[in-house]
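User: I am new to this structure and would be grateful for a close look at a single part of it. Please describe that part in one connected account.

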Amino acid sequence: MTFHPRLTLIAALLASGCATLSPESQQQLTSARTAYSQAAADAQVQRYAPAELNTAAQALQDAERLAKDGADSTLVEHNAYLAERRARTALSTAQMRQGEAAVLEARAERTRAQLAAREIEAAAAREEAQRAEIARQQAEARTRALEQEKVKVVQDQSAAAGLTAEVKRLEAYYPGVQTRQTPRGLVLTLNNDLLFDSGAALKGGADRALDDLAGFLRSHPNRKVAVEGFSDGAGPKDAAERLSKRRAEAVKFALVQRGIEPHRIDARGYGPSFPVGTNDTEDGRQRNRRVEIIINPS
Amino acid sequence: MPLLFLCALAACATTEPPEKEMAQARAALAQARPVVQQEGLNEYAQAHAKLERAERAMQQRHYEHARLLAEEAEADARLAWATSENARVKRALDAERASR
């Protein structure tokens with residue numbers, strides 16, 4: 001408590017008439033004590049407005065001292081008034097500063113929440129973009145596969161068309177050559193009269209047909225052929241089978257001579273089995289004497 | 001009015017003019033004026049009235065009277081400021097919480 005000469009002087013001047021506290025002074029002092037107690041008890045005031053609380057404490061101490069000394073009620077009431085006002089100011093100031101801190105915290109929280117929300121959005125967008133990219137790649141792959149499929153179909157079609165066209169050429173060139181489509185592949189039937197005079201030696205006139213056939217096989221390296229020899233029903237069956245086998249092998253040999261790999265050609269002899277005509281007429285027997293070349297699907 | 005009564009008794013003319021208290025009261029009023037809200041309006045009006053009376057007391061050389069009035073005007077103005085600022089911050093906080 002600081003020594004205050006001016007107040008002391010006034011108190012001394014007025015001391016005689018003010019021994020007991022007036023009701024107004026008493027009331028003002030009570031208000032000040034209440035306001036101060038409330039502010040001092042508040043932890044937030046201690047924390048956020050200690051300086052304001054201290055000025056209230058000083059004024060209240062002055063008021064209490066003046067009242068005790070029997071000072072003029074005006075001075076008592078004045079200091080009590082200041083104490084009450086300052087205590088309320090301390091309380092409001094503390095609440096205000098606490099509120100400011102809460103506002104800052106709320107703003108920071110909102111910013112964090114916004115950042116988090118943006119991060120989630122960005123992650124979702126990235127995920128969506130990834131899904132879109134995967135879908136795009138899948139669609140592209142499907143399109144490529146379909147394109148390849150189409151190209152393959154077209155190639156197969158043109159290959160089949162090419163095959164048929166080329167074999168038809170053989171058919172057109174040589175009487176006695178017939179073609180037909182079967183489940184085993186395209187079957188080319190060459191009449192023996194075209195290929196052989198007798199025995200298993202190929203006629204010179206067969207060269208052209210064999211050249212064309214070899215050319216066809218060269219241009220379709222994935223296709224294999226079966227060369228199958230047949231005879232009519234005349235004569236012993238064993239001999240007929242051997243002869244038909246030798247004739248099939250003669251055709252295979254001729255094709256190998258023309259550059260076709262041996263493993264692509266399978267030569268067999270069936271003799272009189274699987275006749276295509278009756279053996280009772282010369283025409284039927286002639287049709288049964290034949291070599292069939294089966295061109296397998298690739 | 002107790003203050004006037006005191007002044008009459010206390011021989012005001014013998015004390016120094018309370019220039020410091022007057023300046024502090026004016027400063028506190030000036031600080032509260034731009035931020036005063038409805039919640040602090042009564043305290044501000046009291047501060048304003050007391051400062052005017054203090055200025056008059058100064059002119060009449062009732063310096064002790066002027067000092068007490070100036071001190072109370074300052075305390076009222078500071079309370080007006082704190083009450084108004086507290087109300088403003090509370091509204092800002094409410095708005096901040098509502099906007100989330």
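Analyst: In this predicted model, strands β3(A) and β4(A) run parallel to each other and are joined by five bridges. One position in this pairing is that of A:Gly229, whose bridge partner in β4(A) is A:Gly269. Between the two strands the chain passes through helix α8(A), and the resulting β-α-β crossover is right-handed.

Strand β3 of chain A covers residues 225-230. Of its six residues, five are buried, so that the strand is mostly covered, on the criterion that a buried residue has 20 or more other C-beta atoms within 10 Å of its own. A second partner of β3(A) is strand β5 of chain A, residues 290-295; these two strands are antiparallel and six bridges join them. A:Gly229 takes part here too, with A:Val291 as its bridge partner in β5(A). Likewise, A:Ala226 has A:Ile294 as its bridge partner in β5(A).

A:Ala226 merits a closer view. This residue belongs to strand β3 of chain A. Is A:Ala226 buried or exposed? A:Ala226 has 18 other C-beta atoms within 10 Å, and because a residue needs 20 or more to count as buried and 12 or fewer to count as exposed, A:Ala226 is partly exposed. Leaving aside residues up to four places away in sequence, A:Ala226 touches A:Asp266, A:Arg268 and A:Ile294. A:Ile293 lies 67 residues from A:Ala226 along the chain, yet the C-alpha atoms of these two residues are separated by 5.7 Å.

The helix of the crossover can be considered next. Helix α8 of chain A comprises residues 237-257 and lies across β3, β4 and β5 of chain A, at about 160° to β4(A). For the 21 residues of α8(A), a rise of 1.5 Å a residue gives an expected span of 30 Å, and the end C-alpha atoms are indeed 30 Å apart. The buried residues of α8(A) are A:Ala240, A:Leu243, A:Ser244, A:Arg247, A:Ala248, A:Ala250, A:Val251, A:Lys252, A:Ala254 and A:Leu255. The elements that cover these buried residues include β3, β4 and β5 of chain A, together with α7 (207-219) of chain A. After α8(A) comes A:Gly259, which has a positive phi, near 95°.

The strands described so far belong to a wider arrangement. Five strands of chain A form an open sheet of mixed pairing, in the order β1-β2-β5-β3-β4. Its edge strands are β1 (177-182) and β4 (265-269) of chain A, each of which pairs on one side only. On average, neighbouring strands of the sheet are turned by 20° against each other, direction ignored. In a regular strand, side chains alternate between the two faces of the sheet.

At the β1 edge, β1(A) pairs with strand β2 of chain A (residues 185-191) in the antiparallel sense, over six bridges. The two strands form a hairpin with two residues between them. Within this pair, A:Arg180 has A:Val187 as its bridge partner in β2(A). Strand β2(A) is also joined to β5(A) by six bridges, again with the strands antiparallel. In that pairing, A:Leu190 stands opposite A:Val291 of β5(A). A:Val291 is also the β5(A) bridge partner of A:Gly229.

For comparison with α8(A), another helix of the chain may be examined. Helix α2 of chain A (residues 23-41) has 19 residues and reaches 27 Å from its first C-alpha to its last, close to the 27 Å expected at 1.5 Å a residue. The buried residues of α2(A) are A:Ser25, A:Gln28, A:Leu29, A:Ala32, A:Ala35, A:Tyr36 and A:Ala39. Seen down the axis of α2(A), these buried residues fall within an arc of 130°, so they line one face of the helix. A:Pro23, A:Thr30, A:Thr34, A:Ser37 and A:Ala41 are exposed on the other side of α2(A).

Chain B is built from four helices and zero strands. Buried residues make up 47% of its 100 residues.

Definitions and conventions
Residues numbered from 1 in each chain as written. Chains lettered and ligands numbered in written order. Predicted model: local features only at pLDDT ≥ 70, side-chain atom pairs only at ≥ 80, totals over all residues. Expected span 1.5 Å × (residues − 1). Arc of directions from axis to C-beta. Pairing = 2+ DSSP bridges. Axes fitted to C-alpha atoms, helices over the stretch in contact; angles between N-to-C directions. Contact = placed C-beta atoms within 7 Å. Right-handed = clockwise from strand over helix to strand, strands pointing away.
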